Amino acid sequence: MATFLVILHGLLAVALLGSITHQAVSVVWPSRNKVGFANAYRAVSSRVYVNANIVLFLAVALLGSIIYPIYRVWVRTYLENARLFAAVGSFEVKEQFIAIGLGLLPLYWLVWRRPEPAGQSARTAVTLMLCFIVWFAFIVGHILNNIRGFFGL
C-alpha cells in the first residue's frame with residue numbers, strides 16, 4: 001500500500017508541477033499571439049489554473065502527510081544511519097516550505113479571485129513563490145526517493 005501511495009503522490013506532484021509552472025510562465029511572460037508552441041504555451045488564461053492548483057497542492061500535501069510516518073520510520077532512520085545528513089536536512093527544509101505553501105494558498109486564491117490590474121505584482125509574486133515551493137519539494141522528494149527507493153521495499 002505504501003508503494004501505491006508514493007506513486008500516487010508522485011503522479012499528483014507531477015500534475016501540480018506542470019500546472020503551476022504553466023501558470024507561472026503565462027504570468028511572467030504573457031503572450032497574445034498563439035502562433036508557435038512557445039507563444040501558445042504562454043498565451044493561456046492564468047486564472048483558470050488557480051482552483052486546480054489549490055486542489056492539487058492540498059491533495060499532494062495530504063498524501064504526503066499520510067505517507068510521512070512511513071518515511072519517518074523507514075527512510076529517515078536509514079539516511080541517518082548512512083550519515084546522509086544533507087538529505088535529511090533537505091527534507092526538513094522541504095517540510096517547512098510546504099507549510100509556508102499551505103499558508104500561502106488563501107492569499108493565492110484571494111489575489112486571483114478578481115484579477116485587477118493593481119494586483120498584478122501580488123499575483124505574480126504569490127504564483128512564483130508557490131512555483132518555487134512546488135519545484136523544490138518535487139526535486140527533494142525525487143532525490144530522496146532515488147536514495148532509498150520506495151521505502152526500501
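At 11% relative accessibility, Ser19 counts as buried, and this residue of the predicted model belongs to helix α1. Its side chain is joined to that of Asn53 by a polar contact of 2.4 Å, and Asn53 has its place in helix α3. The points below begin with this pair of residues, then turn to the packing of α1 with α3, and end with the packing of α3 with α4.

**The pair Ser19 and Asn53**

- Asn53 is buried as well, with a relative accessible area of 2%, a value that falls under the 20% cut-off for burial.
- The 11% relative accessibility of Ser19 also lies under that 20% cut-off, so both partners of the 2.4 Å side-chain polar contact are classed as buried.
- When residues up to four places away in sequence are not counted, Ser19 touches Tyr49, Asn53 and Leu56.
- With its neighbours within four places in sequence left aside, Asn53 is in contact with Leu16, Ser19, Ile20, Gln23 and Tyr108.

**Packing of α1 with α3**

- Helix α1, which spans residues 2-28, packs with helix α3, which spans residues 50-81, at an angle of about 150°, and their axes are 9 Å apart.
- Because angles over 145 degrees count as roughly antiparallel, α1 and α3 are described as roughly antiparallel to each other, and their crossing is left-handed.
- On the α1 side, the residues that meet α3 include Ala2, Leu5, Val6, Leu8, His9 and Leu12, and also Ala13, Ala15, Leu16, Ser19, Ile20 and Gln23.
- On the α3 side, the residues met by α1 include Val50, Asn53, Leu56, Phe57, Ala59 and Val60, and also Leu63, Gly64, Ile66, Ile67 and Ile70.
- The residues of this contact of α1 with α3 divide into 18 nonpolar, 5 polar and no charged; Ser19 and Asn53 are among the residues that meet here.

**Packing of α3 with α4**

- Helix α3 also packs with helix α4, made up of residues 85-113, at an angle of about 165°, with the two axes 11 Å apart.
- That angle makes α3 roughly antiparallel to α4, and the crossing of α3 and α4 is left-handed.
- The residues of the contact of α3 with α4 divide into 18 nonpolar, 3 polar and 5 charged, whereas the contact of α1 with α3 holds no charged residues.

Definitions and conventions:
Residues are numbered from 1 along each chain as its sequence is written. This is a predicted model: local features need pLDDT of at least 70, side-chain atom pairs count only at pLDDT 80 or more; totals for chains, interfaces and linings use all residues. Side-chain values use heavy atoms; hydrogens and water are left out. Axes are lines fitted to C-alpha atoms, for helices over the stretch in contact, and angles run from 0 to 180 degrees between N-to-C directions. Helices (H or I, at least four residues) and strands (E, at least two) are DSSP runs, numbered from the N terminus. Angles under 35 degrees count as roughly parallel, over 145 as roughly antiparallel, 65 to 115 as roughly perpendicular and the rest as oblique. A crossing is left-handed if the near helix is turned anticlockwise from the far one by less than a right angle, and right-handed if clockwise. Contact means heavy atoms within 4.5 Å. Ala, Val, Leu, Ile, Met, Phe, Trp, Tyr, Cys and Pro count as nonpolar, Asp, Glu, Lys and Arg as charged, and the others, Gly among them, as polar. Buried means under 20% relative accessible area, exposed over 50%, partly exposed in between (1.4 Å probe, protein chains only). A polar contact is a pair of N or O atoms within 3.5 Å; within protein, one must be able to donate a hydrogen and the other to accept it, and residues adjacent in sequence count only if both atoms are side-chain atoms.
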